[in-house]
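Dear colleague,

I am handing over the structure we spoke about, and it follows directly below. After it I have set down what was found, in an order that I hope makes it easy to follow on screen.

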Amino acid sequence: MNSLAGKIVLVTGATGFIGRHLVDRLRMIPGISLILLSRSSKSDFAPEAAWVTSALDRLTRNTWLDHGIDRIDVIFHFGAYTPKKSSEGNEVDEVYHDNLIGTRALLESLPCTPERFVFSSTLDVYSTSEASQILTEESRLSPASLYGASKVFCEHLVRVYAEKLGYAYAILRFGHIYGPGEGAYVKLIPQVIRSMLKHESPVIYGDGSAQRDFMFVDDAVEAAMRAATAISRQVGPLNVVSGQSRSIREFVEVLSRVSGFSGKIEYQAEKPNGVSLMLSAKKMFDVLGQWELCALEDGLRQEVNYFRSGDD
């Protein structure tokens, strides 16, 4: 593995859910120089970093030069329009400006040729009609939303720029990532935690038998770090997932245990269960190496404690 020590590293989406955890990890590296891109300055977080305030689609070379930045070695491009709930996947303006135009503007604005570009993609690139099978990186791409389609396009865009200019790249298709800081998303785990901490019965559509693959956010960051320091110059696309699907009922039962909730879970059996998702992590571990993933109960306990602290 290569090292990021002494490198100049840019993180877009630095104040987002995964991005913030990534920055916390990067700050631990000796001699690293961090550049953090955000729509609004968050200098109280990582005050030692160089903060650049800009929307992605407004980036130009002068954006960097005006901040005295004439070199960037490694880019983690985690900034994007990401739907907070499933009904927001087709927001045309946001997807177009933040994801399509934003990624192109970033690639064209860089003040020099970088060493490596790490791109955050999504499992939403896959066809939902194949969800009953184990999804691998070779599964059919047929996104159901503009958000997913934008990520397919940007995967190709990153690859074209990297191959044309001769720098290394990594494409990571993040799955369902959970952990402290995901409170802005209308998703299963934060919704259930909120209900339990208010001593209200969580409402689950279906009988809870649908399968989901959840990965703790620290493990998602570990995958990103390994991709950024890999010997291979072309990494991915890789599914960044646990590879361990469990029923929704099992997740809810673990949350009941770690939160101390003793009330009733309201399963609405007349509602559809939803699609089960089974995902392969084999290629991720083959390419990035093995590491011990956070145990489900430990990860969920950390998130429950985060909500208890009022930081959401």
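P237 lies in strand β12, which spans residues 234–240, and the peptide bond that leads into P237 from G236 is cis, with omega near 10°. Most peptide bonds are trans. Please keep in mind throughout that this is a predicted model, and that the cis bond between G236 and P237 is therefore a feature of a prediction.

Two residues deserve a similar look for their backbone angles. The phi of A46 is near 55°, a positive value in a residue other than glycine, and H199 likewise has a positive phi, near 60°, again in a residue other than glycine. Most residues other than glycine have a negative phi. A46 is found in the loop between β2 (33–38) and β3 (50–53), whereas H199 lies in the loop between α5 and β9 (203–205). Their surroundings can be put in terms of accessibility: A46 has a relative accessibility of 1% and so counts as buried, while H199, with a relative accessible area of 69%, is exposed.

H199 comes just after α5, and that helix is worth following further. Which residues of α5 are buried? They are I189, P190, V192, I193, S195 and M196. An α-helix has 3.6 residues a turn, so residues three or four places apart point the same way. The cover over the buried residues of α5 includes the strands β8, β9 and β11 (214–216), together with the helices α7 (248–259) and α9 (296–309).

A residue that brings part of this arrangement together is L255, which touches I189, V192, I193 and M196 as well as L300 and V304, when residues up to four places away in sequence are not counted. L255 is also one of the residues that touch the most other members of the largest nonpolar core, a set of 75 residues, and it shares that standing with V11, L26, L36, F76 and M284. The largest share of this core, eight residues, is contributed by helix α6, residues 217–228. Apart from it there is a second, separate core of 25 residues, whose members include I69, L107, V158 and Y169.

S256 is found in helix α7, and at 14% relative accessibility it counts as buried, because the cut-off for that class is under 20%. Leaving out residues up to four places away in sequence, S256 touches M196, F261 and I265. For a sense of distance across the model, S256 and S129 are 127 residues apart in sequence and 32 Å apart in space, C-alpha to C-alpha.

As for internal space, how many cavities of 30 Å³ or more were counted? The count comes to one, with a volume of about 40 Å³. The residues that line this cavity are H176, I177, Y178, E182, K187, I189, P190 and F214, and the elements that give two or more residues to the lining are β8 (176–178) and α5 (188–197). The largest share, three residues, comes from β8. By class, the lining has five nonpolar, one polar and two charged residues, a mixture you may wish to have in mind when you inspect it.

Two further positions can be described more briefly. T63 lies in helix α2, residues 61–65, and is buried, with a relative accessible area of 13%; leaving aside its neighbours within four places in sequence, T63 is in contact with V52, S54 and R58. Y96 has its place in helix α3, residues 92–109, and is partly exposed, with a relative accessible area of 43%. Y96 and L146 are 50 residues apart in sequence, and their C-alpha atoms are 8.7 Å apart in space.

Finally, the structure holds zero disulfides. Of the cysteines, C154 counts as buried at 1% relative accessibility, whereas C294 is partly exposed, with a relative accessible area of 26%.

With best regards

Notes: Residues numbered from 1 in each chain as written. Predicted model: local features only at pLDDT ≥ 70, side-chain atom pairs only at ≥ 80, totals over all residues. Heavy atoms only, no water. 1 Å grid on protein atoms, 1.4 Å probe; cavity = no way out; pocket = protein on both sides within 12 Å on 5 of 7 lines; lining within 4 Å. Points joined across faces, edges and corners; volume = space filled by probe spheres on them. Helix = DSSP H or I, 4+ residues; strand = E, 2+ residues; numbered from the N terminus. Nonpolar A, V, L, I, M, F, W, Y, C, P; charged D, E, K, R; others polar. Core = buried A, V, L, I, M, F, W, Y, C linked by side-chain atoms within 4.5 Å. Buried < 20%, exposed > 50% of the residue type's maximum accessible area, 1.4 Å probe, protein only. Contact = heavy atoms within 4.5 Å. Disulfide = S-S within 2.5 Å.
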